[in-house]
Amino acid sequence: MSAGPQPSTPPVSSGGHPLRTWQRAALAAYQARTGAGARDFLAVATPGAGKTTFALRVASDLLRDGVVRAITVVAPTEHLKRQWAQAAAATGIALDPTFRNTAGATSSDYTGVVLTYAQVAAHPALHRLRCERRRTLVILDEIHHAGDARSWGDAVREAFTPATRRLALTGTPFRSDVNPIPFVTYLPGPDGVTRSVADSSYGYADALRDAVVRPVLFLAYSGEMSWRTSAGHELSARLGEPLNNEQTAAAWRTALDPRGDWIPAVLAAADTRLGQVRVGGMADAGGLVIATDHANARAYAAILRRVSATEPVVVLSDDPAASSKIEAFRGSRDRWMVAVRMVSEGVDVPRLAVGVYATSVATPLFFAQAVGRFVRGRGRPEMASVFLPSVPALLALAGEMEVQRDHALDKPLREPDAFDDESLREANRRRDTPDLVDRSFTALGSSAHLDRVIFDGGEFGTQAAAGSAEEEDFLGLPGLLEPDQVAVLLKQREAAQQAARRKQERTGRSPSASGAPDVPGQAGSQVRPDLRADATGEASADDRPTHEVITELRRELNRLVAAHHHRTGRAHGIIHGELRRTCGGPATGQASAAQLRARIDTVRRWEK
């Protein structure tokens with residue numbers, strides 16, 4: 001039988017739940033494409049948007065109409081195999097998540113199986129034979145994993161070329177290598193670069209507009225870091241200040257060291273935020289700390305135990321009970337989970353509302369996967385809060401949540417902002433031995449203060465010491481807010497802080513008296529006359545340090561750029577690039593106060 005799904009099919013999933021607007025549009029696109037004879041379809045949708053629901057609706061329709069007789073789902077991890085089987089069962093499709101290559105077959109009670117990409121790579125001929133024997137729909141979840149190694153891509157192609165239909169899904173930016181991903185269409189663009197082409201796309205900005213996902217509030221923490229190199233030299237730097245790559249990496253690692261003060265302060269702030277979210281309407285809200293290695297994860301859990309007076313759930317990559325722990329946490333009301341590598345992709349715990357990004361991985365792919373754990377909407381105006389180190393790479397990613405990238409085959413393998421796929425594989429790699437001690441570096445000490453708050457591409461707030469009233473202004477934001485309400489409250493908080501800061505300085509009290517940290521090397525410094533202006537560019541009588549003036553100007557510029565983005569739809573990076581061409585000068589991070597004011601004035605003229 002060759003008849004395909006009928007376009008008149010009502011937009012209801014087999015489980016009886018109405019499909020979201022983007023899912024209905026994707027289903028219509030799928031029907032149109034396959035009705036024209038295509039076997040492949042690529043759906044790109046932001047984490048939390050409901051790719052699984054869409055895929056299972058497609059599967060239900062194809063099974064109902066007799067187009068296929070079997071379903072094979074390929075997922076990145078063992079945990080996701082179980083998750084897929086549970087979701088399929090809710091729609092009446094029985095999938096076997098325990099299938100093993102050595103068995104070669106499964107019970108006739110099942111309509112299909114769920115595999116990992118590693119399983120397919122281990123025996124592609126077996127899975128090819130299974131597709132040849134029965135008309136099969138293959139669902140390739142997070143299809144970018146088929147490019148993890150050339151052998152994996154070759155195995156996926158060999159195994160599933162005979163499949164009747166193939167549905168590829170991804171919820172994160174594509175990778176940076178130049179290995180074509182099987183069953184994905186690539187076409188040359190106007191710039192001559194060959195890129196992947198999605199048949200249906202639904203980005204974070206779209207999902208936020210439709211209230212499908214939560215808005216994300218990023219709270220970036222800086223501080224003073226001190227460390228000793230392998231040569232015995234003791235160095236210090238302020239996290240987030242302009243540093244070379246080696247210094248940034250060392251300062252970042254120092255911040256994440258559980259023996260310093262940065263991690264305890266940030267975990268305490270995150271727990272305070274979680275308590276506020278719970279009191280403010282999300283009574284079951286949970287928190288997740290994403291750690292780099294086993295030792296740090298256990299140490300973070302011990303700190304959380306003291307801070308929250310509760311027992312965190314610890315999930316390690318070599319723990320055979322990891323999946324069951326995640327499932328138990330999902331259905332509980334426990335406050336905190338600390339995990340290594342296990343929850344960066346695909347794991348569905350909708351009550352997660354507060355996160356701590358306590359890992360040194362800075363790839364766009366991993367970052368998007370990690371943040372995706374907190375944005376899954378539940379039909380209410382819930383807000384997600386993610387605490388992270390004030391590191392330029394992470395701040396840039398936090399400010400560009402809406403950016404969607406395709407897989408380019410012709411670009412150089414390493415660009416300045418390229419995806420570091422080897423680092424991603426290392427971050428997600430399963431390890432059954434403890435992490436090795438790095439003796440080339442010794443963290444000596446750290447401090448923490450709230451550096452800035454990032455929301456919708458804009459930056460808010462003034463520097464605030466950990467535990468200060470100024471920090472509490474942001475930690476105490478309600479947990480149930482619409483996106484426009486978040487922006488209004490953030491502006492109000494920042495305006496109040498700036499007014500209080502100016503009043504204190506006019507009365508002769510130092511900024512640190514309000515809880516803001518003193519900046520080493522800046523005490524008593526005088527601001528140059530051309531820098532004496534507030535973030536709006538108007539004259540100010542206070543003698544603020546240069547770094548405060550420039551910081552506020554940058555934030556004002558970013559707010560204006562974000563507003564221009566929402567009015568025009570143009571990407572933040574393109575707007576910043578045009579401002580540089582129009583006004584001259586270096587990138588925003590290196591621009592002078594005068595150059596920043598010129599750009600602010602230019603954007604304001606655009607908005608008139």
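Helices here are DSSP runs of H or I that are at least four residues long, numbered from the N terminus. By that reckoning, Ala396 sits in helix α13, which spans residues 392-398. The model is a predicted one. With a relative accessibility of 39%, Ala396 comes out as partly exposed, since that label covers everything between the 20% limit for buried and the 50% limit for exposed. Its C-alpha atom lies 9.9 Å from that of Ile454, a residue 58 positions away along the chain.

Stepping back to the whole chain, there are 19 helices and 20 strands. Of its 608 residues, 54% count as buried. Contacts reach a long way along the sequence: taking those between residues at least 6 apart, 73% join residues at least 24 apart. As for the surface, the chain exposes about 24900 Å², with carbon and sulfur atoms supplying 52% of that area.

How far can the coordinates be trusted? The mean pLDDT of the chain is 79, and 78% of the residues reach 70 or more. Among the elements, strand β5 (residues 136-140) has the highest mean, 97, while helix α14 (residues 421-428) has the lowest, 42. Over residues 1-15 the pLDDT is below 50, although the model gives this stretch 33 contacts beyond near neighbours in sequence. Residues 510-542 also stay under 50, and there the model has 67 contacts beyond four places in sequence. Where pLDDT is low, the predicted coordinates should not be read in detail.

On to the sheets. One open sheet has 7 strands, paired in parallel and ordered β3-β4-β2-β5-β6-β1-β9. Its edges are β3 (95-96) and β9 (200-202); each has a single partner strand, so one side of each is left without a neighbour in the sheet. At the β9 end, 3 bridges join that strand to β1 (residues 40-45), the two running parallel. Val44 stands opposite Ser201 of β9.

Another set of parallel pairings is built around β15. This strand is joined to β12 by 6 bridges, with Val289 and Val356 of β15 as bridge partners. It is also joined to β16 (residues 384-389), here through 3 bridges and again in parallel, and Val354 stands opposite Ser385 in β16. All this fits with burial: 7 of the 7 residues of β15 are buried, so the strand is largely enclosed by the rest of the structure.

Helix α11 (residues 322-330) packs onto this region too. Its buried residues are Ala322, Ser323, Ile326 and Phe329. They sit on the same side of α11, because they cover an arc of only 130° around the axis. The elements they pack against are α3 (78-90), β12 (286-291), β13 (313-315), β14 (336-340) and β15 (352-358).

Finally, the nonpolar interior. The largest core holds 120 residues, and the members touching the most others are Phe54, Tyr221, Trp262 and Phe387. Leaving aside residues up to four places away in sequence, the contacts of Trp262 include Tyr221, Met225, Leu239, Leu256, Leu388 and Pro389, along with Ser446, Ser447 and Ala448. A second, separate core has 23 residues, among them Val74, Phe99, Val138 and Phe160.

Note on methods
Residues are numbered from 1 along each chain as its sequence is written. This is a predicted model: local features need pLDDT of at least 70, side-chain atom pairs count only at pLDDT 80 or more; totals for chains, interfaces and linings use all residues. Side-chain values use heavy atoms; hydrogens and water are left out. Buried means under 20% relative accessible area, exposed over 50%, partly exposed in between (1.4 Å probe, protein chains only). The arc is that of the directions from the helix axis to the C-beta atoms. Contact means heavy atoms within 4.5 Å. Accessible areas come from the Shrake-Rupley method with a 1.4 Å probe; for residues, only the protein chains shown count as cover. A nonpolar core is a set of buried Ala, Val, Leu, Ile, Met, Phe, Trp, Tyr and Cys residues joined through side-chain atoms within 4.5 Å. pLDDT is the predictor's confidence in each residue, from 0 to 100. Two strands pair if DSSP finds at least two bridges between them.
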